[in-house]
Amino acid sequence: MAQVTLRKVVKMYDEVQAVRGIDLDITDKEFIVLVGPSGCGKSTTLRMIAGLEEISGGDIAIGGDVVNDVPPKDRDIAMVFQNYALYPHMNVYENMSFGLKLKRTPKDEIDRRVKQAAQILDITELLDRKPKQLSGGQRQRVAMGRAIVRDPKVFLFDEPLSNLDAKLRVQMRTEIKKVHQKVRTTTVYVTHDQVEAMTLADRVVVMNAGLIEQVGSPNDLYHSPTTKFVAGFIGSPAMNFMPCHLEQAAGALRVRLSDTLSFPVPADRTVRYAPQVGKANLILGLRPEHITETRPHVEPNQHDFQNPIDVVEPMGMETLVYFTVAGSEMCGRVNPNAGATAEKPMKLRADLSNMHLIDDGTGKVL
Amino acid sequence: MANAAVASPTATTISGRKYGSMNRDRKWALRWSYFFLILFAIFFLTPPIYMFITSLKTSAEISAESNPWWVYSPTLANYIELLTQNQYLIFFRNSAIVAVLTVLITMVISVIAAFALARMKFWGSATLATGVFLTYLIPETLLFIPLFKMFAWVNETFGIQLMNHWWTLIILYPHLTVPFCTWIMIGYFASIPKELDEAALIDGATWIQTLTKIFIPVALPGIIAATIFCFTVAWAQFLYPLAFTTSTTELVLPVGIVTTLIKGDVFNWGQIMTGALLGAAPPLIIYAFLMDYYIAGLTAGATKG
């Protein structure tokens, strides 16, 4: 059993607060991804769990025991670094067995564990090679192998795929997921890549400026973000944000974007949004996939509007169109055959059933 | 270069001829580098060659007005005489023991000090690291007079006579070699990624294990570079042994050759040259074997330190 618990954890660097009192419960066997922009404190948090950084306040517990003052080696964790950190003078076998040797594990036990890990990672034929004879992907596998052989309570990954090229990154991502499904060890994974976070995690922890913005399953974060930051950070291309205000007209709520453009608020949201009528600082959040080309069949809450297109980006399976509404740039995803042309007006359709209304003052999704 | 300039007017006309040539530029660059390399090689090899030629001559031939660059009646007498002399072998032994022990003491201190200064961030570590290097900048010629005073004080206070013993040099030399070697090693250790010791730390290594099992093997080229430097300094040091040792049994090679082979105003040139040549052999042999490591170590320290 290895749950990891963070209680009011604070990290100060001189006068700067890198982590500002975070609480987090990671359950046994869970795959948690810490994600956020650089400088948000995610790596610091991971390094505090590892024991590589002292914590300035709060408690960290691994498997129920508070480990604040326990040195890294006694925390029973294994870490995979961004630059692999393989020992350059040892071959793969020695790299993987180094930790076990220091623990005076019997030789045949070491051999069994290394071979088993090598098999899981498909690096058996590389065991005699030195790190410099390996490709980036192979090195990353060895780094993971070094973690697996120790059979630790917790795996810690610090941006392990950032040094790999795009194609290999996708491949290794699947690899990491497979390994986790086989070994089922509690995992904390740090990345700045939200796609990595979404695809790998059981639960994603979005961090910003030393605080946790939101914790939830990838789908939760995507469909029900609680803050503007999460709404904008998760999803690519990012969610469209348009300044708006709510108005009551003929017994129905309308969200108005400009003098000429307004949409009725979906019926199931009218009660929730009613108190916001007339308030300033409101933002309408709408994901690009909820702005499409117009179609013959109209679903509820879908509304057509016409707007000139600024830029067209064909992606193959879809085409991204960028256009401007009342000064804010927006992005829509349209069918490649819809005939989107730059600098020409296009009839678009907004689907408001997945709209978000954000208070720009507090940054909260209403 | 000159050729490229000549070629350019023809190339500007639309004759279709090539404008300049990478190949030709490269050839000229190579010619120049060979020219200077050969020039410097001649410049630096002339003294040892002259020494070698002289070492094969008899005293009579050396003082004779014949071509100094040619041996008319070569003899090994100088070598035989020197190597059968007890005195010269004592100098050689003293030098060897002093140099080897200096290297050992220096490397143990430097490697441990550099590891601490490069990796264990503690209050004042950066200032200390700079301080270590600054001590290296003090010329040794300024130091031997205060050292004399210190030795006198030690003698008065503890009754230990440090003057005129070859082993005193083992105490003295490290203060010339430790700062520089520590500095080289700090640079080398600093170039080792931080994640490497963090990985070792998580793997369960203590600081000492991290040093011995990770840092020393990884920094081996740097350690070898420092070792060679240290050996050379200890082997070739002239001023301190001249100042602190006088008895012939306590002398090391450089001073021994000069003080015993020059009797009054009689210079035994043949034996002086032979002694110096033989004395230069050990560092030469060490260099030849470790040259590649030496260069790798120096450059790594230079760019990352």
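**Exercise 1. Get a feel for chain A.** Work out what share of the residues in chain A is buried, and how many helices and strands the chain has.

*Solution.* Start with burial: of the 366 residues in chain A, 39% are buried. Keep in mind that this is a predicted model. Next, go through the secondary structure, where chain A turns out to have 9 helices and 21 strands. For the overall dimensions, take the C-alpha trace along its principal axes, which gives about 80 × 45 × 35 Å. Finally, look at the contacts in chain A with a separation of 6 or more: 67% of them link residues 24 or more positions apart.

**Exercise 2. Follow one strand.** Take β14 of chain A, residues 282–286, and decide how many of its residues are buried; then find the strands that it pairs with.

*Solution.* Step one is a simple tally: 5 of the 5 residues in β14(A) are buried. Step two is to split them by face. A:Leu282, A:Leu284 and A:Leu286 sit on one side, with A:Ile283 and A:Gly285 on the other, and both faces are covered. Step three is the pairing. Strand β11(A), residues 240–249, runs antiparallel to β14(A) and is joined to it by 5 bridges; here A:Met242 has A:Leu284 as its bridge partner. Strand β20(A), residues 356–359, is also antiparallel to β14(A), with 4 bridges, and A:His356 of β20(A) stands opposite A:Gly285.

**Exercise 3. Read a sheet.** In the open sheet of 5 strands in chain A, give the strand order and say which strands stand at the edges.

*Solution.* Reading across, the order is β15-β19-β16-β17-β18, and the pairing is antiparallel. The edges belong to β15(A), residues 291–293, and β18(A), residues 328–334; each has a single partner strand, so one side of each has no neighbour in the sheet. From one strand to the next, the twist averages 50 degrees. Now zoom in on one edge: β17(A), residues 319–325, pairs with β18(A) over 7 bridges in the antiparallel sense. In that pairing, A:Leu320 has A:Arg333 of β18(A) as its bridge partner.

**Exercise 4. Classify two helix pairs.** Are α2(A) and α4(A) roughly parallel or oblique? Do the analysis for α6(B) and α9(B) too.

*Solution.* Begin in chain A. The axes of α2(A) and α4(A), the latter spanning residues 136–149, come within 8 Å and cross at roughly 30 degrees. Angles under 35 degrees count as roughly parallel, and therefore these two helices are roughly parallel. Their crossing is right-handed. Residues making the contact include A:Met96 and A:Leu100 of α2(A) and A:Val142 and A:Val149 of α4(A). By class, the contact has 5 nonpolar, 4 polar and 1 charged residues.

Over in chain B, α6(B) (residues 125–137) and α9(B) (residues 174–190) pack at about 140 degrees, with axes 8 Å apart. That makes the pair oblique, and the crossing is left-handed. Among the residues that meet are B:Phe133 and B:Tyr136 from α6(B), and B:Phe180 and B:Trp183 from α9(B). This contact has 8 nonpolar residues, 2 polar and no charged.

**Exercise 5. Take the interface apart.** How many residues does each chain bring to the contact between A and B?

*Solution.* Chain A brings 17 residues and chain B brings 14. On the chain A side, β6 (77–80) and α2 (92–102) each supply at least two residues. Sorted by class, that side has 12 nonpolar, 3 polar and 2 charged residues.

How values were computed:
Residues are numbered from 1 along each chain as its sequence is written. Chains are lettered from A and ligands numbered from 1 in the order in which they are written. This is a predicted model: local features need pLDDT of at least 70, side-chain atom pairs count only at pLDDT 80 or more; totals for chains, interfaces and linings use all residues. Two residues are in contact if their C-beta atoms, placed from the backbone, lie within 7 Å. Ala, Val, Leu, Ile, Met, Phe, Trp, Tyr, Cys and Pro count as nonpolar, Asp, Glu, Lys and Arg as charged, and the others, Gly among them, as polar. Two strands pair if DSSP finds at least two bridges between them. Axes are lines fitted to C-alpha atoms, for helices over the stretch in contact, and angles run from 0 to 180 degrees between N-to-C directions. A residue is buried if 20 or more other C-beta atoms lie within 10 Å of its own, exposed if 12 or fewer, and partly exposed in between; C-beta atoms are placed from the backbone. Angles under 35 degrees count as roughly parallel, over 145 as roughly antiparallel, 65 to 115 as roughly perpendicular and the rest as oblique. A crossing is left-handed if the near helix is turned anticlockwise from the far one by less than a right angle, and right-handed if clockwise.
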